[in-house]
Amino acid sequence: MQFTFSEEETLLQESVSGFLATHGSSAAVRKAMESDLGYDPALWQSIVGEMGMGGIAFPARLGGAEMGHVGFAITMMEMGRVLLPSPYFSSIGLAAQAILNAGTDAQQDTLLPAIIAGETIAALAWRGLERTPAIAVRLDQNGQLNGEAGFVPYAHAAGLLVVAALDGAGKTVLAAIPADAPGVTIERHVSMDLTRPLATVRFAGVVVAQDRILGDGSDAAAALERTLDLARIALAAENAGGAEGVLDLTVAYTKDRVQFGRPIGSFQALKHRMADMMVEVETAKTAAYYAACVVDEASDELAEAAAIASSYSADAFMGCAGNAIQLHGGIGFTWEHDAHLFFKRARANAVLLGDPTSQRVRIADMIGLEKVA
């Protein structure tokens with residue numbers, strides 16, 4: 001297993017970091033999150049269309065760059081560092097991966113190039129309104145979808161929906177349908193994390209063409225689970241980047257803020273807090289990159305690595321964001337300061353694909369522990 005960046009990966013990190021240093025300022029983030037779409041369409045086209053970030057982990061025959069999931073983790077980490085409001089994770093990391101994992105070659109060839117190029121934004125609707133992974137959409141014997149899916153990132157901006165449903169026999173089915181199909185309604189919500197909008201998607205007698213049922217239905221459950229584990233790794237990378245971003249913000253502030261004639265960052269108590277934050281950041285990055293390596297090496301440890309990276313990075317991001325608010329003092333609680341944006345992204349990420357406790361329970365089950373304290 002390779003634990004250092006290749007020359008190509010180093011260039012990718014420098015390229016994405018440099019691009020976002022120019023286009024991912026606090027002002028740009030706030031302008032995008034307060035817009036009707038919740039992202040900057042021009043920036044989206046630059047990221048996916050011009051820089052080719054959409055195809056980093058996809059095969060060349062689909063327009064991808066074949067840089068693997070370490071490359072994708074690098075990109076997610078840099079985007080997390082600036083809290084970029086973008087459908088990148090929902091369209092590329094969730095929906096496109098679901099099509100790649102479940103779809104036939106013909107379905108991949110038909111659907112994925114436009115998503116990878118950013119011409120189509122896709123979203124994955126995979127669970128109901130409760131905070132559980134239970135699928136609430138049903139596919140009846142007439143080939144119609146009914147039910148609702150909740151907490152779908154950027155569904156309001158999607159042109160294509162990948163829907164997880166249960167058929168009459170209780171088996172998981174994945175279907176790709178146009179977001180404007182008759183019977184589909186999308187309700188965008190005011191969510192805590194304004195940098196990643198969420199929506200509820202409702203289906204009322206939505207007709208699904210047979211060729212839009214992805215792959216063989218018997219494999220859909222496994223494809224969905226693999227997709228979610230890959231997404232957990234990507235989100236773990238974003239968490240690590242977010243934790244590092246808020247740490248950088250805090251260190252810079254404590255160098256500038258002066259009390260009793262000296263920068264507050266020189267006080268031992270604050271040094272200890274920031275040293276603890278740095279340990280959390282570096283460990284979260286290590287867990288995310290290890291999990292990405294597991295994917296690229298085709299190891300059978302995907303589920304374990306994803307659960308470890310997901311649970312650890314979520315706690316690390318929450319810890320760093322909470323410490324950052326406290327170390328900033330009064331201004332850390334204000335709307336004008338970005339500390340609360342990091343905290344809200346950390347809180348939302350922690351429950352988006354399964355909270356840290358549920359991931360640790362998965363780990364306990366996988367290694368055969370009967371009970372977790």
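In the predicted model, the chain comprises 11 helices and 9 strands. Its radius of gyration is 21 Å, close to the 21 Å that the globule rule gives for 373 residues, and the chain is therefore as compact as a globular protein of that length. Along the principal axes, the C-alpha atoms occupy a box of roughly 75 × 50 × 40 Å. Of the 373 residues in the chain, 53% are buried.

Aromatic contacts were examined next. A search of the whole structure returned 3 aromatic pairs. One of these is formed by Phe5 and Tyr289, whose rings adopt an edge-to-face arrangement, with a centre-to-centre distance of 5.3 Å and an angle of 85° between the planes. The angle falls in the edge-to-face class because it is over 60 degrees. This pair links distant parts of the chain: Phe5 belongs to the segment before helix H1 (7–23), whereas Tyr289 is situated in helix H8 (residues 268–296), and the two are 284 residues apart. The partners also fall into separate accessibility classes. Phe5 has a relative accessible area of 29% and is partly exposed, while Tyr289, at 15%, is buried, the limit for burial being under 20%.

A further pair consists of Phe72 and Tyr88, with ring centres 5.4 Å apart and planes inclined at 35°, a tilted geometry. Phe72 is located in helix H4 (residues 68–82) and Tyr88 in helix H5 (residues 88–102), so the contact ties together parts that are 16 residues apart in sequence. Both Phe72 and Tyr88 are buried.

An aromatic ring is also involved in a contact with a charged side chain. Arg30 is positioned over the face of Trp335, at a distance of 5.8 Å from the ring centre.

At the surface, a nonpolar patch is made up of Met366, Ile367 and Leu369, which together present about 280 Å² of accessible area. Within this patch, Ile367 is found in the segment after helix H11 (356–366). The relative accessibility of Ile367 is 58%, and this residue therefore counts as exposed, since the threshold for that class is over 50%.

In summary, the aromatic pairs described include an edge-to-face contact between Phe5 and Tyr289 and a tilted contact between Phe72 and Tyr88, while Met366, Ile367 and Leu369 form a nonpolar patch on the surface.

Terms used. Residues are numbered from 1 along each chain as its sequence is written. This is a predicted model: local features need pLDDT of at least 70, side-chain atom pairs count only at pLDDT 80 or more; totals for chains, interfaces and linings use all residues. Side-chain values use heavy atoms; hydrogens and water are left out. Patches are made of residues with over 30% relative accessible area and no salt bridge: like charges are joined within 9 Å, nonpolar side chains (Val, Leu, Ile, Met, Phe, Trp, Tyr) within 5 Å. Accessible areas come from the Shrake-Rupley method with a 1.4 Å probe; for residues, only the protein chains shown count as cover. A salt bridge is a side-chain nitrogen of Lys or Arg within 4 Å of a carboxyl oxygen of Asp or Glu. Helices (H or I, at least four residues) and strands (E, at least two) are DSSP runs, numbered from the N terminus. Buried means under 20% relative accessible area, exposed over 50%, partly exposed in between (1.4 Å probe, protein chains only). Rings of Phe, Tyr and Trp (its six-membered ring) pair if their centres lie within 6.5 Å; planes under 30 degrees apart count as stacked, over 60 as edge-to-face and the rest as tilted. A charge sits over a ring if NZ of Lys or CZ of Arg is within 6 Å of the ring centre and within 35 degrees of the ring normal. The radius of gyration is taken over C-alpha atoms; the globule rule is 2.2 Å times the number of residues to the power 0.38.
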